[in-house]
Amino acid sequence: MLAAFRTRTAPRSLLLSAVRPGCKSALSVSGPGVSAGLFARCYHKPTRSTAYKKLGEGDLRHFKSILPAETILATPAIGGTADPIELEGFNADWLNKYRGSSQLVLRPKTTKEVSEILKYCNEQGIAVVPQGGNTGLVGGSVPVHDEVVLSLRNMNKIRSYDELSGILTCDAGCVLEELGNYVGEKDHIMPLDLGAKGSCHIGGNVATNAGGIRFLRYGTLHGSVLGLEVVLPDGTILDNMSTLRKDNTGYDLKQLFIGSEGSLGIITGVSIATPRKPSSVNVAVLGVPSYENVQQAFKLARRRCGEILSAYEFWDASCMGAVLKHHDLKNPLSSEFPFYVLIETSGSNKDHDDEKLGGLLEELMEEGIVEDGALAQDETQISRMWSMREGIPESLGKTGATYKYDVSIPIPVLYDVVGDIATRLEKANLFKPEEQTGNPVKLVCGYGHIGDGNLHLNVVAEKFEDRVTDIFEPFVYEWVASHRGSISAEHGVGLMKRDYLGYSKSPEMIDYMKRVKNLFDPKGILNPYKVV
């Protein structure tokens, strides 16, 4: 049973320059030191570049000289025998929002094979999209047109593990959850944890600089990754599989590839530091009356449990309603609340951790910051509580066509954008908060990582259509820019946000990003049409 604690009363700009032609703006933004201007929503699918070669039977013959036949999927259009349906899982993202028309999927098993493939593609001007677990949300891991898909799923070997230092080296195609299970047997954990851990690859995690629910405790992959093996567009192999925590010998080139989304090189190997597995873990879910109280509770949690606080997640009532409807879960609290908070502590001394968390919960209740709560009593209940938070994305997807926005915003105004989007949709007669049926928009909701200032804004509609999208794009990006936030907190840029990059980066920064891209990939064959 869940141990509950309750109150004695009833529960109670930035602005863009570089506007692309033919776009329209929803909002003018200005701010201290920011020039007023307009930015715009553009169609996301660029025209196929004639610079890239169309595949032929000769190309397929060459790839067959590099790879075994069973690692190649080629359609009859280029001389292969695979039914195009076999390529569906590689051509479309998991939301079925972004879809390409690749005729060829290559699944190498070694770094040498990746090198030979890229060398040929670079010489021939053949565009390539690297693909890991294909769990991305911004169209970064699927072809836009007919690019060759280079899948890393066959590169799934653990290379070494040092139990003294906790340093793991592995192929880029290793699944995050499987790595977690492997190091877990050695009393360690991976420094990141995602809802998609059962499918996503560590190479993709690094390439997108994935965040997740352990970010509060263990930070960014820029700190956890110690070394990378990367194949450049011309086939050059950069072997920087360092296992050193300290190496101050010049430019730290691996940092360029972390978060580059496969646009500079293909990550084939990863060296990463794994933290010691905590021997004491506690999880509590709290019912909170307002977003202001969510912030107050976080402030107090940091003060009382700072050294053992490992997660602080929040979600609103709409998210809770969706996850309870679509998952076999029950609300651990006695009533419904406007907001819910999940607090996790991780340490090495159970008595110490229990005392600290207990003191925090007692103070939160006495101060009226929290109105109800439940504390997990065993690992099964911990898992169920996390399932509520991690099940939100899937639940919203089952509710309807889901527009997803992953943004960083200063914590005091983090949730304000949800209300502002809802108001705009209401004024346009597209949404009524009290009615989930009969309107084009069913839900406007938010959840995320308070400690990281990361909000996942979701608009759930009957279907994807322009009259809905036009209400909040580019408004949502302009709103974020006006508060000096980031249009992508952890999902990356991909295809979805390429045309909006100026909301988070200055023209000078974008210019230098393009210069870096051109330096590594002068022919632009790697993951074209994306990022910059």
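## A salt bridge between close neighbours

Arg-467 and Glu-465 form a salt bridge, with their closest N and O atoms 3.0 Å apart. The model is a predicted one. Arg-467 is partly exposed, because its relative accessibility is 49%. Glu-465 has a relative accessibility of 17%, so it counts as buried.

A further pair is Asp-499 and Arg-498, whose closest N and O atoms lie 3.1 Å apart in a salt bridge. Here Asp-499 counts as buried because its relative accessibility is 6%. Arg-498 has 16% relative accessibility, so it too counts as buried. Elsewhere, salt bridges with shared partners link Asp-193, Lys-197, Arg-214 and Glu-390 into one network.

## A buried pair across the sequence

In total, the structure holds 21 salt bridges. One of them joins the side chains of Glu-313 and Arg-389, at 2.8 Å from N to O. Glu-313 sits in strand E14 and Arg-389 in helix H12, so this pair ties together parts 76 residues apart in sequence. Is the pair of Glu-313 and Arg-389 buried or exposed? Both residues are buried.

## Two nonpolar cores

The largest nonpolar core contains 65 residues. Which residues have the most contacts inside it? They are Phe-314, Ile-421, Leu-425 and Val-444. Helix H9, residues 291-305, gives the most to this core, with seven residues. A second core is separate and has 28 residues, including Cys-174, Leu-194, Val-225 and Val-270.

Phe-314 deserves its own contact list. Neighbours within four places in sequence are left aside here. Among the aromatic contacts of Phe-314 are Tyr-291, Phe-339, Tyr-340, Tyr-415 and Tyr-447. Phe-314 also contacts Val-294, Val-341, Leu-414, Ile-450 and Leu-455. Gly-446 and Gly-448 complete the list for Phe-314.

## Helix H13 and its buried face

Helix H13 covers residues 392-399. Its residues Ile-392, Ser-395, Leu-396 and Thr-399 are buried. Where on the helix do the buried residues of H13 fall? Seen down the axis, they lie within an arc of 100°, so they line one face of H13.

The buried residues of H13 pack against several elements. The helices are H10 (317-326) and H12 (379-390). The strands are E14 (309-316), E17 (401-408), E18 (441-449) and E19 (454-461). Two of these elements also appear in the Glu-313 and Arg-389 salt bridge: E14 holds Glu-313 and H12 holds Arg-389.

## A buried histidine in a loop

His-201 lies in the loop between helix H4 (176-184) and helix H5 (202-207). It counts as buried because its relative accessibility is 6%. What does His-201 touch, apart from neighbours within four places in sequence? It is in contact with Gly-132, Gly-133, Leu-152 and Arg-153. It also contacts Ala-172, Gly-173, Cys-174 and Val-175. Of these, Cys-174 is also included in the second nonpolar core.

## A nonpolar patch on the surface

Tyr-251, Leu-253 and Leu-256 form a nonpolar patch on the surface. Together they have about 360 Å² of accessible area. Leu-253 is found in the loop between strand E11 (237-240) and helix H8 (254-257). Leu-253 has a relative accessibility of 42%, so it counts as partly exposed.

## Backbone points to check

Most residues other than glycine have a negative phi, and most peptide bonds are trans. Three sites depart from that pattern.

The peptide bond joining Glu-473 and Pro-474 is cis, with omega about 10°. Pro-474 is in the loop between helix H15 (466-472) and helix H16 (475-482).

Asn-209 is not a glycine, yet its phi is positive, at about 50°. It is found in the loop between H5 and helix H6 (215-218). Asn-209 counts as partly exposed because its relative accessibility is 21%. Arg-484, also not a glycine, has a positive phi of about 55°. Its loop runs between H16 and helix H17 (507-520). Arg-484 has 47% relative accessibility, so it counts as partly exposed.

How values were computed: Residues are numbered from 1 along each chain as its sequence is written. This is a predicted model: local features need pLDDT of at least 70, side-chain atom pairs count only at pLDDT 80 or more; totals for chains, interfaces and linings use all residues. Side-chain values use heavy atoms; hydrogens and water are left out. Patches are made of residues with over 30% relative accessible area and no salt bridge: like charges are joined within 9 Å, nonpolar side chains (Val, Leu, Ile, Met, Phe, Trp, Tyr) within 5 Å. Accessible areas come from the Shrake-Rupley method with a 1.4 Å probe; for residues, only the protein chains shown count as cover. A salt bridge is a side-chain nitrogen of Lys or Arg within 4 Å of a carboxyl oxygen of Asp or Glu. Helices (H or I, at least four residues) and strands (E, at least two) are DSSP runs, numbered from the N terminus. Buried means under 20% relative accessible area, exposed over 50%, partly exposed in between (1.4 Å probe, protein chains only). A nonpolar core is a set of buried Ala, Val, Leu, Ile, Met, Phe, Trp, Tyr and Cys residues joined through side-chain atoms within 4.5 Å. Contact means heavy atoms within 4.5 Å. The arc is that of the directions from the helix axis to the C-beta atoms.
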